[in-house]
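User: Could you walk me through this structure? I would like to go over the charged pairs, then the surface and the helix packing.

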Amino acid sequence: MSFLLHLITVTCILLPTIVGYNLVFGKGKIFHFGQIGLQILAAYPLWISIVLFDQYPIMGLLLGLISAFVAAWLLAWLSFRLDPDGLGVMSIAVHLSALNVVLNWQSVTRGALGVPGIPRWSFLADNVSFAIFVIVAVSVWCVFVWLLDRSAFGRKLQALSEHDWYAEALGISRKNVHIVAFLVAAGGALLTGVLLPQYLYLLSPTDFAFPAMIFVVMCVVAGKPGSMGGAILATALLMMLKEGLRLLPLSPGVVGPVRLLLFGLILLGAVWYRRDALFPPQREI
Amino acid sequence: MGFLSIREVSLAIQGHMILDHVSFDVNQGEVVGLIGPNGSGKTTLFNLLSGFLAPTGGSIHFRGSDITNCSPSVRAQKGIGRVFQNFGIFRDMTLEENILVALEALPHEQKKLLGDMKFLVHRTLAMVGLEKSAKKKAGALSGGQMRLLEIARTLKCGKDLFLLDEPTAGVSPKMTGQVSGLIAELKREGKTVLIIEHDLPFIGRICDRVIVLDVGKVVLEGTPDEVKQSKELQEIYFGADPTT
Ligand SMILES: Nc1ncnc2c1ncn2[C@@H]1O[C@H](COP(=O)(O)OP(=O)(O)OP(=O)(O)O)[C@@H](O)[C@H]1O
Ligand SMILES: [Mg+2]
């Protein structure tokens, strides 16, 4: 029972960031891997200012929001100036730089140890009420993104991903649409960055390392890039697999490598299977 | 200054002159044909007009304002519509969405005047006889149907200048008649049209004036009859006539 509750909670906590990333990478076909970088730049300012610098939660939230939006804007700016391969590499660089700052600026971030003692509101102290809170908050977020996806904005994003020239010739501004998509992704990163450390009572850099990015990519790719329902389903299944491995009677030294191997194979299979939906078609005019 | 005015426009890519000091005007309500052999720079000129390429020299004015440095979407919002050589239709979207997304991309003031969008989408599809396929993916259409849909969409979006890149290419002979009927409709509605075409009789039927491009230069300009009878055109298209 407690395992099931844990599974539901961690799955829901990841959904905002995954659904946001699906909008940019899956639907918009903007080839970047900076989502977890966004999450670092949302979660660290937020929690550090609250826990280590005794700011009001609202101040921390505001700081996290500003930082996430600035980071999203930076990624969007890069996406307008680089070709897809360049953006892919650069976004990984942004993520790893943010991670490196977090790991090495120990006086502020406590480095690899992370920040313990992340508080929860008193009414969320037990895991059942926390799970309910997470489910409600994440549902609201997902409905918002779903409505956005079905609106004029969603159609413009899809048109741009199918053929940016055709879309722009209709008067669709690639810049405006893509900036909004990145901002929504940053909002998702912030929500996940608010919920995950609260659940664990710990802000840990390992939750923001590169394997986390691979997991996010895998959920979007396996669920069919651009499909929100697919991404949610894939997240639930992959999370079940990831957390379920712990229940197997394997020594901790074996679980790690087995999980890496398994997820590597799944990613490979998913990318192969979805290769047509993943990359935009060749442009002809 | 004309409705569309192109002044000394040049484009060099890696030292290669693709367009060389091209100048001409198009007046409001005029249908102008742009012809020339393969690789003479016709599509490239359209890309400069719709803003996908920046000229290395010269300027482009539309309705009296300088648009040389405007982005493609801004030019589209100003009223320049483009019909692409390879069908500018989103194949993974339904026919309905293809039209809806174009209407939604219009500037706010223009959108307010449209009225009910659903109705307008239906009317646009009905115009080209595709209302029954509204919910189908556009990728399933034939080339001719895509072309008709694209032209009808551009028309219903209230564009004033139409850049048509080989509208009859990839269209079955049976549907060519329909496409030229739709272009005639544009003319009746007083739209300004610049049209690239290889089919000379077609150009002769619908154009008021013809401009001939060869290796990036304007080499000839006149009425369809004048151009057809000129020796230069024969030389450009078929090489020098050996009997003279
Ligand atoms: N981005 C580019 N880089 C290099 N060369 C280019 C580029 N775009 C076009 N060209 C060259 O410019 C010339 C003109 O091409 P363009 O497509 O405009 O010809 P066109 O008149 O439309 O021909 P067609 O009748 O075959 O459509 C060609 O020689 C082409 O190779
Ligand atoms: Mg061409």
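**Salt bridges, surface and packing**

Analyst: Glu185(B) and Arg188(B) form a salt bridge in which the closest N and O atoms are 3.0 Å apart, and please keep in mind that this is a predicted model.

User: Where do Glu185(B) and Arg188(B) lie?

Analyst: Both residues belong to helix α7 of chain B, which covers residues 173–188, and they are three residues apart, about one turn of the helix.

User: Is Glu185(B) buried, exposed or partly exposed, and what about Arg188(B)?

Analyst: Glu185(B) counts as partly exposed because its relative accessibility is 24%, which falls between the limits of 20% and 50%, whereas Arg188(B), at 62%, counts as exposed.

User: Which residues are joined into a network by shared partners?

Analyst: Glu30(B), Arg209(B) and Glu221(B) are joined into one network by salt bridges that share partners.

User: How many salt bridges are there over all chains?

Analyst: The count comes to 11 over all chains. One of the pairs in chain B is Lys217(B) with Asp20(B), whose closest N and O atoms are 3.4 Å apart. That pair links distant parts of the chain, since Lys217(B) is in strand β10 (residues 217–222) and Asp20(B) is in strand β2 (residues 16–26), 197 residues apart. Lys217(B) has a relative accessibility of 41% and so counts as partly exposed.

User: And what does Lys135(B) pair with?

Analyst: Lys135(B) forms a salt bridge with Glu96(B), with the closest N and O atoms 3.1 Å apart. This pair also links distant parts of chain B, with Lys135(B) in the loop between α5 (117–127) and α6 (143–156) and Glu96(B) in helix α3 (residues 95–104), 39 residues apart. Lys135(B) is exposed because its relative accessible area is 63%.

User: Switching to chain A, which residues make the nonpolar surface patch?

Analyst: The patch, of about 880 Å², is made by Tyr56(A), Ile58(A), Met59(A), Leu61(A), Leu62(A), Leu65(A), Ile66(A), Phe69(A) and Val70(A). Of these, Leu61(A) is in helix α3 of chain A, residues 57–81, and it counts as partly exposed because its relative accessibility is 37%.

User: Last topic: at what angle do α10 and α12 of chain A pack?

Analyst: Helix α10 (residues 210–222) and helix α12 (residues 252–273) of chain A pack at an angle of about 40°, with their axes 9 Å apart. The two helices are therefore oblique to each other, and their crossing is left-handed.

Note on methods:
Residues are numbered from 1 along each chain as its sequence is written. Chains are lettered from A and ligands numbered from 1 in the order in which they are written. This is a predicted model: local features need pLDDT of at least 70, side-chain atom pairs count only at pLDDT 80 or more; totals for chains, interfaces and linings use all residues. Side-chain values use heavy atoms; hydrogens and water are left out. Patches are made of residues with over 30% relative accessible area and no salt bridge: like charges are joined within 9 Å, nonpolar side chains (Val, Leu, Ile, Met, Phe, Trp, Tyr) within 5 Å. Accessible areas come from the Shrake-Rupley method with a 1.4 Å probe; for residues, only the protein chains shown count as cover. A salt bridge is a side-chain nitrogen of Lys or Arg within 4 Å of a carboxyl oxygen of Asp or Glu. Helices (H or I, at least four residues) and strands (E, at least two) are DSSP runs, numbered from the N terminus. Buried means under 20% relative accessible area, exposed over 50%, partly exposed in between (1.4 Å probe, protein chains only). Axes are lines fitted to C-alpha atoms, for helices over the stretch in contact, and angles run from 0 to 180 degrees between N-to-C directions. Angles under 35 degrees count as roughly parallel, over 145 as roughly antiparallel, 65 to 115 as roughly perpendicular and the rest as oblique. A crossing is left-handed if the near helix is turned anticlockwise from the far one by less than a right angle, and right-handed if clockwise.
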